[in-house]
Each structure stands twice: as C-alpha cells, then as structure tokens.
Amino acid sequence: MGRAFEFRKARKMKRWSAMSKAFTRIGKDIVMAVKEGGPDPDSNSRLRAVIQNAKSVNMPKDNIERAIKRASDKNQGDYKEVIFEGYAQHGIAVLIETATDNNTRTVANVRSYFNKTDGSLGTSGSVVFMFDHTCNFKIKGDDLDLEELELELIDFGVEEIFEDTDENEDGEEITSVMIYAPFESFGNIQSYLEENNIEIISSGFERIPQVTKKLTPEQAEDVEKLLEKLEEDDDVQNVYHTMEESA
C-alpha cells in the first residue's frame with residue numbers, strides 16, 4: 001500500500017471529536033459552495049459533494065436545507081479560504097487550512113497558538129511544498145472490481161485505490177473503497193463516478209506529507225499541544241503536519 005493508505009489509516013484515529021464541530025465545518029463549506037455556484041446541487045458539483053459529506057456524518061436533512069437557504073441570503077457573509085504555514089517544536093512542519101469571515105482575528109489567533117507552544121508561524125510558501133495536495137472519494141464498494149476500476153480511472157491520474165473499513169452505530173464493520181488522486185483530478189473523477197452510477201459516500205481534499213519525522217513520546221506531546229489548540233479553533237478547517245503518526 002502507498003502513502004495515502006498509511007496516511008488515512010493514521011488519521012482515522014484523529015477524526016472530528018465533536019459532531020457539532022463537524023457540522024460547523026460543513027456549514028461553512030455549504031456557504032462557500034453556494035456562493036460559488038448557486039443553491040441547486042444538480043448544477044453545482046461542489047455543493048453536491050458537500051451534501052454527500054454532510055450525510056456521511058449524519059447531519060440532519062433539515063440542517064442541510066437551512067444551511068443552503070442561509071447561504072443563499074444576500075446578507076450572509078462569505079468565508080475566505082486562507083492557508084497558514086509554520087513549524088511546531090522539534091522541526092515539525094504544520095499547514096493549516098482555515099475558512100474565515102474575519103482574517104485579522106484568524107491571523108491573531110493562529111499566531112498566538114504558535115507563540116504559546118514555542119512554535120513559529122512562517123511565511124506563505126514556507127512549508128506547503130512539503131505536502132502533496134490530493135483529492136479523495138469514499139465510494140460504495142459492493143460489486144466493484146477494484147483492478148478494473150483502477151484501470152478505468154488511471155487516465156484521470158488516480159494514484160491509489162484500496163478497501164477501507166469503518167464501524168456503524170451497531171459496531172458492525174462496513175467496507176467501502178477509497179480513491180486518491182491529485183487535487184486537480186477531482187472534477188473528472190466525480191463526473192465519472194456519477195455517470196457510472198457509483199455511489200459516492202463522501203469526498204474531499206487532503207494534504208499528505210511527502211516525508212514524516214518520528215519523535216519520542218515526549219516530543220510528540222509538545223507538538224500535540226499546538227495541534228490541539230489549532231483544531232479547537234472555529235476558523236480552522238484542517239490541520240496537517242509532518243510528524244509521524246501511529247494508527
């Protein structure tokens with residue numbers, strides 16, 4: 001298996017801890033999708049993807065519809081996607097994706113988290129090159145031949161396809177299939193899956209570190225202090241780093 005498989009296996013242990021935070025993040029994604037392409041998911045592929053993600057974390061249908069209606073209101077402000085880069089202790093590169101309606105607040109908060117944990121906020125471009133920007137799709141794996149699917153998708157730049165397992169509310173194992181490809185392949189892969197009636201459970205984008213660094217438990221604890229502060233911030237959508245994680 002490749003880096004995407006190992007990356008996902010490790011990050012599955014670090015899922016959104018509170019469902020309310022997941023809903024907050026998806027709510028922002030809905031606003032940005034509607035502002036970009038309108039409130040009709042049939043003609044807005046980005047909104048379709050966000051709605052799939054909302055369903056995958058059991059966001060109620062009423063909440064989704066309200067969020068779309070709110071986002072359509074002219075008085076609803078937009079969110080700007082801003083990336084921050086820096087270093088935690090022990091030379092660990094950290095990349096933070098935010099969605100903010102007040103950049104001054106977000107910059108001040110992120111800088112304070114680095115300062116309080118003896119890290120350093122860097123300039124644009126200082127660490128982003130250390131991560132591969134990827135897109136991913138989680139699809140229903142029933143009756144799919146993975147080798148055949150990989151051959152079909154290879155022209156779209158797909159790099160990894162593998163089976164993934166989750167547990168449902170009853171503790172039963174549910175098997176699905178993960179597809180990883182470069183960021184720019186998202187639209188073509190989404191179109192292929194939809195045209196071939198392959199059910200998309202969720203989709204998104206991730207930044208996979210090209211190289212990771214192993215730390216001692218004590219050093220890892222230092223880095224976790226920064227990561228926790230960042231992940232708790234309402235403006236922060238995703239946090240990536242080069243510290244080696246165990247599954």
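## The β1–β3 pair and its sheet

Let us start with two strands: β1 and β3 run antiparallel and are joined by two bridges. In this pair, Y87 stands opposite S120 of β3. Strands (E, at least two residues) and helices (H or I, at least four) are DSSP runs, numbered from the N terminus, and two strands count as paired if DSSP finds at least two bridges between them. This is a predicted model, in which local features need pLDDT of at least 70 and side-chain atom pairs count only at pLDDT 80 or more, whereas totals for chains, interfaces and linings use all residues. Residues are numbered from 1 along each chain as its sequence is written, and side-chain values use heavy atoms, with hydrogens and water left out.

The two strands belong to an open sheet of four, ordered β3-β1-β2-β8, with antiparallel pairing. At its edges stand β3 (120-121) and β8; each has a single partner strand, so one side of each is left without a neighbour in the sheet. As background, strands of a sheet pair through backbone hydrogen bonds, either parallel or antiparallel.

## The chain as a whole

Stepping back, the chain has eight helices and eight strands. Its radius of gyration (taken over C-alpha atoms) is 19 Å, close to the 18 Å that the globule rule gives for 247 residues, so the chain is as compact as a globular protein of that length. That rule is 2.2 Å times the number of residues to the power 0.38. The C-alpha trace spans about 50 × 50 × 40 Å along its principal axes.

Of the 247 residues, 43% are buried; buried means under 20% relative accessible area, exposed over 50%, and partly exposed in between (1.4 Å probe, protein chains only). The accessible surface comes to about 13,600 Å², and carbon and sulfur atoms hold 45% of it. Such areas come from the Shrake-Rupley method with a 1.4 Å probe, and for residues only the protein chains shown count as cover. Among contacts (heavy atoms within 4.5 Å) with a separation of 6 or more, 71% link residues 24 or more positions apart.

## Two nonpolar cores

A nonpolar core is a set of buried Ala, Val, Leu, Ile, Met, Phe, Trp, Tyr and Cys residues joined through side-chain atoms within 4.5 Å. The largest one here has 18 residues, and V94, I96, V223, L226, L230, V239 and M243 have the most contacts inside it. At least two residues come from each of β1 (80-87), β2 (93-100), α5 (103-116), α8 (217-232) and β8 (236-241). Which helix gives the most to this core? The answer is α8, with five residues.

Apart from it lies another core, of 17 residues, including F137, I139, Y192 and I198. Back in the largest core, L226 touches A88, V94, Y113, F114 and T117, leaving aside residues up to four places away in sequence.

## Around helix α7

Which residues of helix α7 (residues 186-195) are buried? They are F186, I189, Q190, Y192 and L193. Seen down the helix axis, these buried residues fall within an arc of 165°, so they line one face of α7; the arc is that of the directions from the axis to the C-beta atoms. They pack against α3 (45-56), β4 (131-140), α6 (146-153), β6 (173-182) and β7 (200-209).

One of those partners, β6, has seven of its 10 residues buried, so this strand is largely enclosed by the rest of the structure. Seven bridges join β6 to β4, and the two strands run antiparallel. Within that pairing, T134 has P182 of β6 as its bridge partner.

## Loops worth a look

In the loop between α7 and β7 lies I198, a buried residue with a relative accessible area of 13%. Not counting residues up to four places away in sequence, I198 touches I139, L144, L149, Y192 and L193. N197, just after α7, takes a positive phi of about 55°.

Most residues other than glycine have a negative phi. Two aspartates take a positive value: D118, with phi near 60°, and D143, with phi near 60°. Are they buried or exposed? D118, in the loop between α5 and β3, is exposed at 62% relative accessible area. D143, in the loop between β4 and α6, is exposed at 84% relative accessibility.
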